[in-house]
Amino acid sequence: MKNDPAYKAKSAWEHYESDEDRQKVMKFSREYIDFISKCKTERETIAEVAKILAKAGFSEDWQNDKVMAPLRGKALFAVIKGSEDPANGIKLIAAHADSPRLDLKQRPITEQAGIAQARTHYYGGLKRYQWLARPLALHGVVIVDGGKKIEVAIGEKPDEPVFCIADLLPHLAKDQGQKKVAEAFDGEKLNIVLGHEPRKTEEEEKEPARKKLLDILQQKYGVTEEDLITAELEAVPAGPARFVGLDESMIGGYGQDDRICLYCALMALLAVEKPRQTIAVMFWDKEEIGSEGASGASSRFLQYCIEDLCRSWCPQASPSHVFLRTRAISADVTAGLDPDYQDVHEKQNAALMGYGPVFSKYTGSGGKYGANDADAEFYASLRAMFNKAAIPWQAAELGKVGLGGGGTVALFMAAYGMQVIDLGPALLSMHSPFELSSIVDLYSTWEAYKVFFMSDH
C-alpha cells in the first residue's frame with residue numbers, strides 16, 4: 001500500500017504518550033511556570049536570564065567560548081562558539097522579553113472622589129476591559145535623588161497588598177453597554193487604585209488620600225513624587241502562573257507572549273555543550289510596540305554583537321558575510337484556533353493547540369505588508385530537520401486574510417539578509433492578562449529549538 005500523499009499534522013499528545021515522556025513534559029512545565037511567575041517584566045526576565053547564564057559559565061569576556069552581552073537590563077545576546085569557523089554563519093534564535101501591560105505615567109499620582117490613583121498609559125496591543133476589576137501588582141525601578149536604584153515588586157507575596165482598576169457596576173452601565181468596546185473603555189480611565197485613607201491633619205486640606213499615599217512612599221520606600229517622574233513602573237497581573245484543567249494539560253499565566261519562546265530558546269541553548277556551528281540567542285525588548293528604541297530589534301544592538309564576535313573569534317571575517325550566512329528562527333507565538341471564535345480563522349491554515357510549534361512563513365497584514373516571507377529552501381530544510389527528529393510541528397497563519405494580522409522581529413532580522421522564519425507555539429487568549437498554552441506545545445517547542453541548534457545543516 002502506497003503512503004497517503006495528503007498532509008496531516010501530527011498530535012504532540014500522541015508523540016509524548018509514554019509515562020516517561022509525560023513525566024519529562026510535566027517537569028519542564030513546572031520549571032517554566034516558576035520562570036514566568038517570577039519574570040513579569042522585561043527587566044526581571046533579562047536579569048533572570050543573565051543569572052541562569054552566569055551559573056552555566058557564560059561571561060561578558062569575549063576571550064571565552066560562552067559569552068553573554070546584556071544591554072541596559074532590557075535586552076541580551078548570548079552565544080556559544082562552535083567547532084566550525086563562525087565566519088560560515090551562526091544559528092540564531094531570537095525572542096522578545098516584553099509583554100502588553102499598563103505603564104504608570106510620568107506624573108501618575110492623583111485623587112478623585114477620595115480615592116488615590118495612579119494614571120497609566122497602556123503598552124502594546126491589549127483589550128482594555130480585561131484589566132479592570134482584577135488584582136494587579138506593581139513592578140519596576142525607581143531612581144531616587146542621588147542615583148540609587150530601588151527595585152519594585154509589590155503585590156506578588158501573600159502578605160502584600162494588590163492594586164486594581166475599579167469597574168462600573170452593571171446597574172449604571174446602560175449607556176456604556178451601548179457603545180463600541182473601544183469607546184466604552186477609555187484609556188484615560190485605566191487608573192489604578194492605590195489607596196483611600198486620608199492624611200490626618202489639624203486643618204482640612206485638598207487631596208488628603210493622595211498626600212497620605214505620598215507620605216507612605218516617602219517613609220516606607222524613600223521615594224518622593226519627583227522620583228516617580230523618572231521611574232519605570234509597570235502594572236501587571238498579580239499572582240503566579242498555574243496549570244489549567246482537571247488534566248493539567250495547559251498553562252495559564254501572564255506574559256507567555258513571548259516568554260514561552262524565550263524560555264524554550266534559553267533552555268535549548270543550555271542543552272548544547274559543544275555545537276558544531278556557533279549558536280546564539282537574542283532576547284529583545286519593545287517588540288509589542290513595533291520593536292523601536294535602543295533595546296528593540298530595529299536598533300543596531302545585534303549588529304554590534306556580531307561585530308564583537310567577529311573581532312574576537314574570526315577577525316578575518318566580514319560581519320555582513322556572517323549575517324548573510326546565518327540561519328535564524330524568530331521565536332514568537334501565534335494564535336491558536338479558539339473553540340468559541342472559530343470564524344476569525346481560516347481553519348485549514350489555523351494553528352491547533354497540542355500539535356507542536358507553528359511555522360508562520362509570513363506574518364504582517366493585508367497583502368503581507370510588514371512581513372518577512374521565508375524562502376522555500378530554508379523552510380523545507382527545517383521541515384526535513386524536524387521530520388527526521390520526529391518533532392511534531394504545524395503550519396498556520398494569524399487569522400483570515402484581511403481580518404487582522406501582526407508582526408514579529410523576523411522582519412528586522414531579515415534586513416540583515418539572514419534566512420529567518422517564525423516558529424513558536426500557539427496560544428489562546430493572547431495579549432490578555434491570562435494567556436493559555438499547551439504543555440506538549442511548550443515541550444515540543446523546546447525540542448524543536450534544540451534540534452535546530454544541534455543539527456549539522
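Which residue in β8 does Ala 118 stand opposite? The partner is Ile 192. Keep in mind that this is a predicted model. That pair is a handy way into the sheet described next.

## The six-stranded sheet

Ala 118 and Ile 192 belong to a wider arrangement. Six strands make an open sheet, and reading across you meet them in the order β7-β6-β9-β4-β5-β8, with antiparallel pairing. At the edges sit β7 (149-154) and β8, each of which pairs on one side only. From one strand to the next, the twist averages 30°. As general background, strands of a sheet pair through backbone hydrogen bonds, in either a parallel or an antiparallel way.

Two helices pack here. Helix α3 touches β4, β6, β7 and β9, and its direction makes about 105° with that of β7. Helix α6 (residues 208-221) lies across β4, β5, β7 and β8, and runs at about 125° to β4.

## Walking through the pairings

Start at the β8 end. Strand β5 and strand β8 (residues 192-195) pair antiparallel over 3 bridges, and Gln 117 stands opposite Val 193 in β8. On the β4 side, 8 antiparallel bridges join β4 to strand β5 (residues 115-123). There Thr 110 stands opposite Gln 117. The hairpin of β4 and β5 has 2 residues between the strands, and Ala 113 takes a positive phi near 55° in it.

Next comes β9. How many of its residues are buried? Strand β9 (residues 232-237) is mostly covered, with 5 of its 6 residues buried. Strand β4 (residues 101-112) pairs with β9 in the antiparallel sense over 2 bridges, and Leu 102 has Ala 235 as its bridge partner in β9. Strand β6 (residues 136-143) is also antiparallel to β9, joined to it by 6 bridges. In that pairing, Leu 136 is matched with Pro 237.

## The three-stranded sheet

There is also an open sheet of 3 strands, in the order β10-β11-β21 and again with antiparallel pairing. Strands β10 (242-244) and β21 (435-438) are at the edges with a single partner strand each, so one side of each has no neighbour in the sheet. The twist averages 35° from one strand to the next.

Strand β10 and strand β11 (residues 250-253) pair antiparallel over 3 bridges, and Phe 243 finds its bridge partner in Ile 251 of β11. Helix α2 (residues 19-38) packs on this sheet, touching β10 and β11, and its direction makes about 130° with that of β10. Helix α8 packs on the sheet too, where it touches β11 and β21, and its direction makes about 30° with that of β21.

## Where α3 meets α8

We've now met α3 on the six-stranded sheet and α8 on the three-stranded one. How do these helices sit relative to each other? The axes of α3 (residues 42-55) and α8 (residues 256-270) come within 12 Å and cross at roughly 10°. The cut-off for roughly parallel is an angle under 35 degrees, so α3 and α8 count as roughly parallel to each other.

On the α3 side, the contact uses Glu 42, Thr 45, Val 49, Ile 52 and Leu 53. On the α8 side, the residues are Arg 259, Leu 262, Leu 266, Met 267, Leu 269 and Leu 270. Sorted by type, the contact residues come to 8 nonpolar, 1 polar and 2 charged.

## The nonpolar cores

Which members of the largest nonpolar core touch the most other members? Out of its 63 residues, they are Leu 53, Leu 269, Phe 283, Phe 386, Tyr 449 and Phe 453. Two of these, Leu 53 and Leu 269, also turn up in the contact of α3 with α8. Leaving aside neighbours within four places in sequence, Phe 386 is in contact with Phe 359, Ile 391, Trp 393, Leu 423, Ala 448, Val 451 and Phe 452. Apart from this core lies another, of 34 residues, including Leu 138, Leu 213, Ala 231 and Tyr 254. In soluble globular proteins, nonpolar side chains generally tend to be buried together.

## A look at Leu 382

Leu 382 lies in helix α11 (residues 376-388). Is Leu 382 buried or exposed? Its relative accessibility is 0%, so Leu 382 counts as buried. Setting aside neighbours within four places in sequence, Leu 382 is in contact with Phe 359, Ile 421 and Phe 452. Leu 382 and Ile 329 are 53 residues apart in sequence, while their C-alpha atoms are 10.0 Å apart in space.

Terms used:
Residues are numbered from 1 along each chain as its sequence is written. This is a predicted model: local features need pLDDT of at least 70, side-chain atom pairs count only at pLDDT 80 or more; totals for chains, interfaces and linings use all residues. Side-chain values use heavy atoms; hydrogens and water are left out. Axes are lines fitted to C-alpha atoms, for helices over the stretch in contact, and angles run from 0 to 180 degrees between N-to-C directions. Helices (H or I, at least four residues) and strands (E, at least two) are DSSP runs, numbered from the N terminus. Angles under 35 degrees count as roughly parallel, over 145 as roughly antiparallel, 65 to 115 as roughly perpendicular and the rest as oblique. Contact means heavy atoms within 4.5 Å. Ala, Val, Leu, Ile, Met, Phe, Trp, Tyr, Cys and Pro count as nonpolar, Asp, Glu, Lys and Arg as charged, and the others, Gly among them, as polar. A nonpolar core is a set of buried Ala, Val, Leu, Ile, Met, Phe, Trp, Tyr and Cys residues joined through side-chain atoms within 4.5 Å. Buried means under 20% relative accessible area, exposed over 50%, partly exposed in between (1.4 Å probe, protein chains only). Two strands pair if DSSP finds at least two bridges between them.
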